[in-house]
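User: Could you walk me through this protein with a few questions and answers? I would like to see how the packing and the charged pairs fit together.

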Amino acid sequence: MWKTFSCLVIFWFWSAAMADNISGESAHDFKFVSIDGQTLALSSYAGKAIFLVNTASRCGFTKQYSQMQDLWQRYKDRGLIVLGIPSNDFGNQEPGSEDEIKIFCKINFDINFPMTSKVRVTGSDAHPFYRWAYKQGGTLSKPWWNFHKYLIDRNGKFVDWFASPTSPLSSKVINAIEDVLGSKSE
């Protein structure tokens with residue numbers, strides 16, 4: 001009985017500590033490291049919507065990089081940030097260094113939207129943003145493969161998530177982005 005109680009108490013304290021690490025009220029509470037090694041605070045995008053995608057260079061969905069670039073070109077002047085977040089969590093499909101990722105993205109897709117350094121997006125050592133996003137969107141919102149997408153509004157609030165097969169240019173994604181950005185006249 002004492003052993004069970006001790007385990008429960010330890011689990012409760014661990015859970016509380018983890019909750020503190022992901023208890024941000026807003027996506028703006030989180031920071032990444034840019035692919036160039038600089039601090040990339042999501043708060044620097046306050047007032048803009050953010051479309052975050054965990055990416056990989058050797059995935060069947062890698063062609064979505066070009067769709068992400070199209071989305072960036074189409075909406076950046078209206079206040080959308082497309083943010084690529086390389087991760088090697090699924091199938092060892094992003095084994096390269098940050099420099100290799102940058103070169104791959106530039107040569108193959110002419111990417112110029114912001115990207116982060118590689119991070120974990122799953123498991124207990126997932127980046128705190130991803131743990132926060134799971135908490136906001138529920139269990140089904142967690143990435144199950146590369147090119148999982150999250151949409152954050154201008155105030156840093158979680159809006160929605162989109163599964164890997166969902167094209168960044170799908171009507172579902174476009175409609176959600178249009179809703180967050182508001183009308184062109186705003």
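Here are some questions about a helix, the nonpolar core and the salt bridges.

User: Happy to start with the basics. How far does helix H2 reach from its first C-alpha to its last?

Analyst: A quick note to begin: this is a predicted model. Helix H2 covers residues 64–75, which makes twelve residues. At 1.5 Å a residue its expected reach is 16 Å, and the reach in the model is close to that, at 16 Å.

User: Which elements do the buried residues of H2 pack against?

Analyst: The buried residues of H2 include Tyr65, Met68, Leu71, Trp72 and Tyr75, and Gln64, Gln67 and Gln69 are buried too. Their packing partners are strands E3 (49–55), E4 (80–86) and E5 (149–152), together with helices H3 (98–109) and H5 (171–181).

User: Which element gives the largest share of the largest nonpolar core?

Analyst: That core has 50 residues, and those with the most contacts inside it are Leu42, Leu80 and Phe129. Elements giving two or more residues to this core include E3, H2, E4 and H4. The largest share is six residues, and it comes from H5.

User: Which residues of H2 does leucine 80 touch?

Analyst: Leaving out residues up to four places away in sequence, the contacts of leucine 80 include Ala49, Ile50, Phe51, Leu151, Ile177 and Leu181. Its list also holds three names that appear among the buried residues of H2. These are Leu71, Trp72 and Tyr75.

User: Now the charges. Is aspartate 89, which pairs with arginine 120, buried or exposed?

Analyst: The side chains of aspartate 89 and arginine 120 meet in a salt bridge at 2.7 Å, N to O. The pair links distant parts of the chain, 31 residues apart: aspartate 89 sits in the loop between E4 and H3, and arginine 120 in the loop between H3 and helix H4 (128–137). Arginine 120 is partly exposed, with a relative accessible area of 38%. Aspartate 89 has 18%, and the cut-off is under 20%, so aspartate 89 counts as buried.

User: Which residues are linked with Lys102 in a network of salt bridges?

Analyst: The whole structure has six salt bridges. In one of them, lysine 102 meets aspartate 99, with the closest N and O atoms 3.6 Å apart. The two are three residues apart in helix H3, so about one helical turn separates them. The network that holds Lys102 also links Asp36 and Asp99.

Methods
Residues are numbered from 1 along each chain as its sequence is written. This is a predicted model: local features need pLDDT of at least 70, side-chain atom pairs count only at pLDDT 80 or more; totals for chains, interfaces and linings use all residues. Side-chain values use heavy atoms; hydrogens and water are left out. Helices (H or I, at least four residues) and strands (E, at least two) are DSSP runs, numbered from the N terminus. The expected span of a helix is 1.5 Å times one less than its number of residues. Buried means under 20% relative accessible area, exposed over 50%, partly exposed in between (1.4 Å probe, protein chains only). Contact means heavy atoms within 4.5 Å. A salt bridge is a side-chain nitrogen of Lys or Arg within 4 Å of a carboxyl oxygen of Asp or Glu. A nonpolar core is a set of buried Ala, Val, Leu, Ile, Met, Phe, Trp, Tyr and Cys residues joined through side-chain atoms within 4.5 Å.
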